[in-house]
Amino acid sequence: MENFIVTTARKPKGDSEILAEKFAEKLNLKFVPRTDFSLETLKEIYRVENILLIRKNFPVIVTNDGELFFHPNTAHLRIKNLRQGEGDRLIDAAKIKSGDKILDCTLGLGSDSIVESFAVGIEGKVTALEINPVLAEIVRYGMKNFVDDTPPVIDAMRRVEVVTANYVDYLKNCAENSFDVVYFDPMFRHAINKSSGINPIRPLADNRPLEIDSVKEAARIARRCVVMKENSRSGEFARLGFKIAAGGKYSSISFGVIDS
């Protein structure tokens, strides 16, 4: 967390400074009034690599690889497809249905969690874990405050519970069969270079590979299955004991499943 400061746009609007101070206090970061300094100058002055910027009353993470902010992204189209009966590869691989309890161990920017939340409906529950406190906080805020989408997407994101936690520790403290599905989307061992949209998240991501002990813990608490998303060329499925259940003919990603 030493690599972050919090600031606003040059001409903060509305309650941007108040919101910035709240983020700084919650995350134990330094709030810096923007004045007329560029972001690069602020990085040099405070010797940080990243900035949590409040722009138009919404948080943006600025890294050396670009800007990162909450947005439903592909969740919008995927939910539209589900509503039209066209299915979704993740939902199909995990056989997620209304009323299920899902543990999403790798929240990231939250698109998968939103789709899962739509699929389980108001009777179900999605708990999503994120190890990076800053990323967890901007996604938590976004899930509660983002409004520029359709009601089904908004309702789904509002129901997601974001928890700042390391899944390695969280899994150990869960009771047996406490979730229907446990899901992992680790950073790919073989990066998909064309995915430039996710490049800003890489400096904040947990790059450690998924370990077999965590998979065993996930299988212990999952009533139905454990699911992992990975690069289709990855050897992680075989190393961790997953059977590839879904992979588009021309897709660069696949889903692996371990049935409980």
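**Reasons behind the labels**

Colleague: What makes Glu-236 count as buried?
Modeller: Its relative accessibility is 9%, and buried means under 20%, so Glu-236 earns the label. Keep in mind that this is a predicted model.

Colleague: How do you know that Glu-236 and Arg-239 meet in a salt bridge?
Modeller: The N to O distance between their side chains is 2.7 Å. The limit is 4 Å, so the pair qualifies. Both residues lie in helix α10 (residues 236-240), three residues apart, which is about one turn of the helix.

Colleague: And why is Arg-239 called partly exposed?
Modeller: Arg-239 has 39% relative accessibility. Partly exposed lies between the 20% and 50% limits, so that is where Arg-239 falls. Elsewhere, salt bridges with shared partners join Arg-78, Asp-88, Asp-112, Asp-185 and Lys-229 into one network.

Colleague: How many salt bridges does the structure hold?
Modeller: It holds 15. Another one of them pairs the side chains of Lys-97 and Asp-100, at 3.4 Å from N to O; with the cut-off at 4 Å, this pair counts as well.

Colleague: Are Lys-97 and Asp-100 buried or partly exposed?
Modeller: Lys-97 has a relative accessible area of 46% and is partly exposed. For Asp-100 the value is 3%, so Asp-100 is buried, since the limit is 20%.

Colleague: Which side chain does Arg-224 meet in a salt bridge?
Modeller: Arg-224 meets Asp-100, at 2.8 Å from N to O. This pair links distant parts of the chain, 124 residues apart: Arg-224 sits in strand β10 (residues 222-231), and Asp-100 in the loop between α4 (89-94) and β6 (101-104). Arg-224 has 18% relative accessibility and counts as buried, because 18% is under the 20% limit.

Colleague: Why are the rings of Phe-70 and Phe-146 called a pair, and of what kind?
Modeller: By the rule used here there are four aromatic pairs. In this one the centres are 5.7 Å apart and the planes stand at 75 degrees. Pairing needs centres within 6.5 Å, and an angle over 60 counts as edge-to-face, so this pair is edge-to-face. It links distant parts of the chain, 76 residues apart, with Phe-70 in the loop between β5 (66-68) and α3 (75-83), and Phe-146 in the loop between α6 (133-145) and α7 (151-159). Both Phe-70 and Phe-146 are buried.

Colleague: Which residues do ring pairs link into a cluster?
Modeller: Those are Phe-23, Phe-58 and Tyr-141.

Colleague: What makes Glu-116 count as buried?
Modeller: Glu-116, in helix α5 (residues 111-120), has 1% relative accessibility, and the limit is 20%, so buried is the right word. Beyond its neighbours within four places in sequence, Glu-116 touches Leu-90, Ile-91, Ile-96, Ile-102, Asp-104, Val-126 and Tyr-183.

Colleague: What is unusual about the phi of Lys-56?
Modeller: Most residues other than glycine have a negative phi. Lys-56, however, has a positive value near 55 degrees, in the loop between β3 (50-55) and β4 (58-63). Its relative accessible area is 69%, so Lys-56 is exposed, given that exposed means over 50%. Thr-35 also has a positive phi, about 50 degrees.

Conventions:
Residues are numbered from 1 along each chain as its sequence is written. This is a predicted model: local features need pLDDT of at least 70, side-chain atom pairs count only at pLDDT 80 or more; totals for chains, interfaces and linings use all residues. Side-chain values use heavy atoms; hydrogens and water are left out. Helices (H or I, at least four residues) and strands (E, at least two) are DSSP runs, numbered from the N terminus. Buried means under 20% relative accessible area, exposed over 50%, partly exposed in between (1.4 Å probe, protein chains only). Rings of Phe, Tyr and Trp (its six-membered ring) pair if their centres lie within 6.5 Å; planes under 30 degrees apart count as stacked, over 60 as edge-to-face and the rest as tilted. Contact means heavy atoms within 4.5 Å.
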